[in-house]
Amino acid sequence: MGVVIRTAGEDDRDLVVRLLDEAFQDDPVSSWVFPGEEYRRRTHHRLMAVFADAVFADGRVDLTEDGAACALWLPVPAGEQTDAEDVPAQIREAVDPENERVELIARLTDGIHPTGRAHEYLWMIGVVPGRQGEGLGTALIGSVLDRCDREGLPAYLEASSARGKVLYERLGFEFTGRALDLPDGPRMWPMWREPRTR
């Protein structure tokens, strides 16, 4: 039996935020941004809400029918981004004004994001801990990668763990060669996937 996937709507927002919050509580990057379990439990969901809202506004959220996994995708046009707004500072203000790492992670990932070609950006993919390893993430990613292949679009993501990096490599993503080492924190792996021709 296959995984049933649907596009999430605004009425799914709270479910998506809760899912992402739960899925990323023990993630190395989330643990770096929000050090300390109690602090992370109190605050982390606010960052997930900002991410979800941004993707609901400008991208697409795919959700498994059972609500156990979701993927946040943004279409990225070719060329330099020329936003006059200081989005990383706005994120920090909305999430936790005292936590400079909220702003720093946004600036650092923005600084390594490829700009030369239009692509699909897998901003986040989350699977609730009790369901990880069942292929839900692979199914979510695969449906978009199939479309990328048909349309000749590359895809991009930043793997936040070595385990994730291996999964993405199996799906055709390749490490760009320039890791992002967070100050006194974990490593992230920017990964790019060229569309596959049939």
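In the predicted model, Val16 touches Ala8, Ala52, Phe56, Val61, Leu63, Cys70 and Leu72, when residues up to four places away in sequence are not counted. Val16 belongs to the largest nonpolar core, which has 60 residues. Val16 is also listed, together with Leu72, Ile141, Tyr168 and Phe173, among the residues with the most contacts inside that core.

Two of the residues touched by Val16, namely Val61 and Leu63, fall within the range of strand 2, which comprises residues 60-64. Strand 2 is mostly covered, with four of its five residues buried. On one side, strand 2 pairs with strand 1 (residues 5-7) in the antiparallel sense over three bridges, and Ile5 stands opposite Thr64. Strand 2 is likewise joined to strand 3 (residues 69-76) by four bridges, again in an antiparallel arrangement. Within this second pairing, Arg60 has Trp73 of strand 3 as its bridge partner. Four residues lie between the strands in the hairpin of strand 2 and strand 3, where Gly67 adopts a positive phi near 75°.

Cys70, a further contact of Val16, is buried, as its relative accessibility is 0%. No disulfides were found in a search of the whole structure; the count is zero. The closest cysteine sulfur to that of Cys70 is in Cys148, at 18 Å, and this separation is too far for a bond, given the 2.5 Å limit for a disulfide. Cys148 is accordingly in no disulfide, its nearest cysteine sulfur being that of Cys70. Cys148 is also buried, with a relative accessible area of 0%.

Cys148 is one of the buried residues of helix 6, a group that also includes Leu136, Leu140, Ile141, Val144 and Leu145. Helix 6 spans residues 136-151. At 1.5 Å a residue, its 16 residues should span 22 Å, and the end C-alpha atoms are 23 Å apart, which agrees with that expectation. Just after helix 6, Gly152 takes a positive phi of about 70°. The helix also contains Arg147, a charged residue that is nonetheless classed as buried because its relative accessible area is 18%, under the 20% limit. Leaving aside neighbours within four places in sequence, Arg147 is in contact with Arg60 and Glu120. Arg60 is the residue bridged to Trp73.

The whole-structure search for aromatic pairs returned six. In one of them, the rings of Tyr121 and Trp123 have centres 6.3 Å apart and planes at 15°; the pair is therefore stacked, the planes being under 30 degrees apart. The two residues fall into separate accessibility classes: Tyr121 counts as buried at 8% relative accessibility, whereas Trp123 counts as partly exposed at 23%. Tyr121 also forms an aromatic pair with Tyr156, which is tilted, with 5.6 Å from centre to centre and 35° between the planes. Tyr121 lies in strand 4 (residues 119-127) and Tyr156 in strand 5 (residues 155-159), so this pair ties together parts that are 35 residues apart in sequence. Both Tyr121 and Tyr156 are buried. Tyr121, Trp123 and Tyr156 form one aromatic cluster with Phe51 and Trp192.

Technical notes. Residues numbered from 1 in each chain as written. Predicted model: local features only at pLDDT ≥ 70, side-chain atom pairs only at ≥ 80, totals over all residues. Heavy atoms only, no water. Phe/Tyr/Trp six-rings, centres within 6.5 Å; stacked < 30°, edge-to-face > 60°. Buried < 20%, exposed > 50% of the residue type's maximum accessible area, 1.4 Å probe, protein only. Helix = DSSP H or I, 4+ residues; strand = E, 2+ residues; numbered from the N terminus. Contact = heavy atoms within 4.5 Å. Core = buried A, V, L, I, M, F, W, Y, C linked by side-chain atoms within 4.5 Å. Expected span 1.5 Å × (residues − 1). Pairing = 2+ DSSP bridges.
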